[in-house]
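This report goes through one protein model, taking its cysteines, sheet, helices, core and charged pairs in turn. Please keep the sequence and the structure at hand while reading.

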Amino acid sequence: MSTRHLLNLASDHLRSLPILILYLTDGCNSRCITCDIWRAPRLNMRRDLVESLIAAVKPLGIRWVVLSGGEAMQHPAWAQIAAQFRAEGARVILLTNGLFLRRDAADVIASIDEVVVSLDGGTAATYAHIRGVGAYDLVLEGIRAVRAGGVSVTTRTTVQRANYREMPQIVAAAKAAGANHISFLTVDVQNAVAFGDRTLHQAVDPSALTSDDIPAFEDVLAALQRDHADDFSSGLIAESPAKLRRMIAYFRALLGDSEAPPVRCNAPHTSVVVQVDGTLRPCYFLPTMGKIDLINGEGATHRSPLQTALNTDEALALRKAYRCGERPECARCVCPLYKGARALMQL
């Protein structure tokens, strides 16, 4: 046990970093209707930046490294990077659209501890509509391939108007492919800086459920709870029935019919997102808070460039703002992350 991570909760100054999330590349070979990152010119994270982050694992006590993007597997050295982080003692999680899982299964098995793969449909047609590519069967084959090598797989579904009726089919498909966990989260339709700099003009995005969809969604969740009781109790379905029902309140809040469900999150005190150019975010949904300086990041205190960037005045101010409830993005966050004192002490 360590108290280093626990000390993060005592102030806005980070003394350690349990979770490091990297945008290895801005490139993506999906064309999702809820994400604009694929529209940007492709840029891969430079190796000198990657090496500086690898060097920070032990000094900052980094326990989890999440390879994200864009599509992380489009970085030409993703497997080598993953292996280097693991060699430093970090657990490496790959967030992927799954299009390369079958092709690169051997590299995944050799260098990754856990895969989180997007599965946004229970049918090939719905998947292609949301993801912009016809790769439903390919993704399921990729899941089977890496599971055969013993890698843990979580499927992640972004629940939206086009796929909420297929949640039972998604569970069935993920189970058949051998997934260890099946996770659902609501689509984000209001944050203009997450997953590409989006310009959102509509009060309610077409991806969000309408008032006519809400009763049908309630029926879907009730049937899921009834027909998959064993999958909830075993943890195969990662969220509890109660947590899934919070999605109803979220969509109703978007429609102005109710208050948004309360959000519990301390991600900015336990994690950081490093974008492809070294710019930092406290999480996926909050704005940037400075940039890693590879030239001047190391000084007389022998702090790594990441250690220095974590605690600039800008970073401290942003952590204070979210902690004091001054960031409106947090009120309707679709993916909060909370690590309590007990969880941090066990890291």
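## Cysteines

Cys324 is partly exposed, with a relative accessible area of 40%. The model is a predicted one, and the number of disulfides found in it is zero. Cys324 is accordingly in no disulfide, and its nearest cysteine sulfur, that of Cys330, lies 11 Å away. A disulfide is a covalent bond between the sulfur atoms of two cysteines. The cut-off applied here is a pair of sulfur atoms within 2.5 Å, so the 11 Å between the sulfurs of Cys324 and Cys330 does not qualify.

Cys32 is another cysteine to look at. Its relative accessibility is 8%, so Cys32 counts as buried, the limit being under 20%.

## The sheet

Eight strands make up an open sheet with mixed pairing, and their order is β6-β5-β4-β3-β2-β1-β7-β8. β6 and β8 are the edge strands, each of them pairing on one side only. Between β4 (residues 114-118) and β5 the pairing is parallel, with five bridges. One of the residue pairs here is Glu114 with its bridge partner Ser152 in β5.

Towards the other end of the order stands β7 (residues 271-274), a strand covered on both faces. Ser271 and Val273 are buried on one side, and Val272 and Val274 are buried on the other. β1 (residues 19-25) pairs with β7 in the parallel sense through four bridges, and Leu20 has Val272 as its bridge partner in β7. The pairing of β7 with β8 (residues 280-281) is antiparallel and rests on two bridges; here Val273 has Arg281 as its partner in β8. β7 and β8 form a hairpin with five residues between them. Gly278, in the turn of that hairpin, has a positive phi of about 95 degrees.

## Backbone details

Most residues other than glycine have a negative phi, and most peptide bonds are trans. Which peptide bond is cis, joining Gly69 to what residue? The cis bond joins Gly69 and Gly70, with omega at about 25 degrees. Gly70 sits in the loop between β2 (64-69) and α4.

A positive phi also occurs just after helix α8, where Gly178 takes a value of about 95 degrees.

## Helix α8

Which residues of α8 (residues 167-177) are buried? They are Met167, Ile170, Val171, Ala173, Ala174 and Ala177. An α-helix has 3.6 residues a turn, so residues three or four places apart point the same way. Viewed down the axis of α8, the buried residues fall within an arc of 165 degrees and therefore line one face of the helix.

Several elements cover these buried residues. Among them are the helices α7 (136-148), α9 (213-227) and α10 (229-234), together with the strands β5 (152-159) and β6 (181-186).

## The nonpolar core

The largest nonpolar core has 103 residues, and Leu20 and Leu306 have the most contacts inside it. Leu20 is also the residue of the β1 and β7 pairing that partners Val272.

What does Leu306 touch, leaving aside its neighbours within four places in sequence? Its contacts are Leu17, Leu20, Leu53, Ala56, Leu60, Ile62, Val274, Leu280 and Ile292. Leu306 is thus in contact with Leu20, and also with Val274, one of the buried residues of β7.

## Salt bridges

Side chains of opposite charge can pair when their charged atoms come close. The model has 14 salt bridges. In one of them, Lys58 and Glu88 pair with their closest N and O atoms 4.0 Å apart. This pair links distant parts of the chain, 30 residues apart: Lys58 belongs to helix α3 (residues 57-60), and Glu88 to the loop between α4 (78-87) and β3 (91-96). Lys58 is exposed at 56% relative accessibility, while Glu88 is partly exposed at 29%.

Two further salt bridges join sequence neighbours. Asp104 and Arg103 meet at 2.9 Å, N to O. Asp104 is buried, with a relative accessible area of 12%, whereas Arg103 is exposed at 57%. Asp227 and Arg226 have their closest N and O atoms 3.0 Å apart, and both of these residues are exposed.

Definitions and conventions. Residues numbered from 1 in each chain as written. Predicted model: local features only at pLDDT ≥ 70, side-chain atom pairs only at ≥ 80, totals over all residues. Heavy atoms only, no water. Core = buried A, V, L, I, M, F, W, Y, C linked by side-chain atoms within 4.5 Å. Buried < 20%, exposed > 50% of the residue type's maximum accessible area, 1.4 Å probe, protein only. Contact = heavy atoms within 4.5 Å. Salt bridge = Lys/Arg side-chain N within 4 Å of Asp/Glu carboxyl O. Arc of directions from axis to C-beta. Pairing = 2+ DSSP bridges.
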